[in-house]
Amino acid sequence: MDKLQAMTIFVRVVEAQSFSKAAETLSLPRSSVTTMIKTLEAHLGTPLLRRSTRRLSLTDAGARYFASCQAILSDIAEAESGLSIDSANPRGRVRVDMPGVIGRAIVLPRLREFEQRFPDIELVIGLSDRPADLIYDGIDCVIRSGELTDSTLVARRLGQLTWITCAAPRYLKEHGEPDSVGALRAHRIVNYLSNATGRPMDWRFNVDGEDLAMTMPGRFAINETEAYLQCGLEGLGLIQLSEFAAFPYLQTGRLKEVLSDARCSPVPVSIVYPHGRNASAAIKAFVDWIVEITTSASPFSSET
């Protein structure tokens with residue numbers, strides 16, 4: 001039995017709370033993961049996990065062993081990371097998840113630059129509006145918007161997003177332009193469906209210095225940013241999305257902002273990754289690169 005591999009698999013199973021999910025993130029058959037845990041328990045002479053149809057939980061011995069495995073694996077990662085840093089040549093795989101609009105507009109156009117600077121780092125990039133879980137999904141770092149509260153993770157500020165309300169000129173020609181937040185009730189609304197809750201997201205405004213969140217009735221609801229943007233461009237109704245996503249279309253006149261004096265307060269955007277010793281040199285190199293390339297990504301990085 002490869003003890004290091006067994007520890008890695010055991011830790012991933014506990015973090016993912018699933019044999020199947022652990023197997024998927026480790027690119028292993030589920031049967032191999034199950035066999036390895038059974039072999040490890042036999043080797044140690046004690047059960048590590050309590051299994052039920054709904055969840056996994058640690059035994060007392062499993063909890064102690066889990067803490068030890070985390071410390072050992074962190075020490076190994078730190079040692080390897082130190083060597084990579086010393087050689088100025090970080091290597092390894094980095095799995096990252098980010099909103100599609102940010103990936104397409106900022107990251108993908110500059111991937112060749114990243115490849116030339118870090119030829120030994122393999123990037124696995126997920127573009128999705130679905131909020132990713134670093135541990136459960138086996139992801140090394142994510143780009144997120146909004147305030148972050150998880151103290152076990154490091155967050156590097158990239159910029160901020162300002163939400164704006166806009167529509168295609170042809171919609172405004174047919175239905176007129178709302179002159180107040182209250183006037184929106186008389187307009188056609190296209191809602192954005194939250195991938196986290198499955199419900200339409202609130203529309204956000206600032207009226208008389210106070211941030212407001214409003215539930216808006218609408219005939220259409222979309223759960224993907226590009227498709228949502230397309231609905232606005234087609235004149236199906238008013239949409240509310242980040243200025244960053246709308247920026248190219250505002251510049252060309254295909255969209256027009258309305259209620260600009262009622263914009264809500266901007267939300268921060270950060271790249272989030274494991275704390276200190278759990279982050280490899282490859283992850284840190286990618287994070288530093290993302291911070292670097294977003295400094296010029298107007299209006300995404302604007303702090304106004």
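Visitor: What do β9 and β10 form, and how many residues lie between them?

Guide: β9 and β10 form a hairpin with two residues between them. In the turn, D208 has a positive phi of about 55 degrees. The model is predicted, so local features need pLDDT of at least 70 and side-chain atom pairs count only at pLDDT 80 or more, while totals for chains, interfaces and linings use all residues. Residues are numbered from 1 along each chain as its sequence is written, and side-chain values use heavy atoms, with hydrogens and water left out.

Visitor: What makes strand β9 and strand β10 a pair?

Guide: Two strands pair if DSSP finds at least two bridges between them. Strand β9 (residues 203-207) and strand β10 (residues 210-214) are joined in the antiparallel sense over five bridges, and the condition is met. F205 has L212 in β10 as its bridge partner. Strands here are DSSP runs (E, at least two residues), as helices are (H or I, at least four), numbered from the N terminus.

Visitor: Why is D97 called buried?

Guide: Buried means under 20% relative accessible area, exposed over 50%, and partly exposed in between (1.4 Å probe, protein chains only). D97 has 9% relative accessibility and therefore counts as buried. D97 belongs to strand β3 (residues 92-98). Leaving aside neighbours within four places in sequence, D97 has contacts (heavy atoms within 4.5 Å) that include G126, S128, R130 and V142.

Visitor: Which residue of β5 stands opposite D97?

Guide: That residue is V142. Two bridges join β3 to strand β5 (residues 141-145), and these strands run parallel.

Visitor: Why is one side of β4 and of β6 left without a neighbour in the sheet?

Guide: Five strands form an open sheet of mixed pairing, in the order β4-β3-β5-β14-β6. β4 (121-127) and β6 stand at the edges with a single partner strand each, so one side of each has no neighbour in the sheet.

Visitor: Is L161 in β6 buried or exposed?

Guide: L161 lies in strand β6 (residues 153-161). At 8% relative accessibility, L161 counts as buried.

Visitor: How do you know that the span of helix α1 agrees with the expected one?

Guide: The expected span of a helix is 1.5 Å times one less than its number of residues. For the 14 residues of α1 (residues 3-16) this gives 20 Å, and the end C-alpha atoms are 20 Å apart, so the two agree. Buried residues of α1 include A6, F10 and V14. After α1 comes Q17, with a positive phi near 55 degrees.
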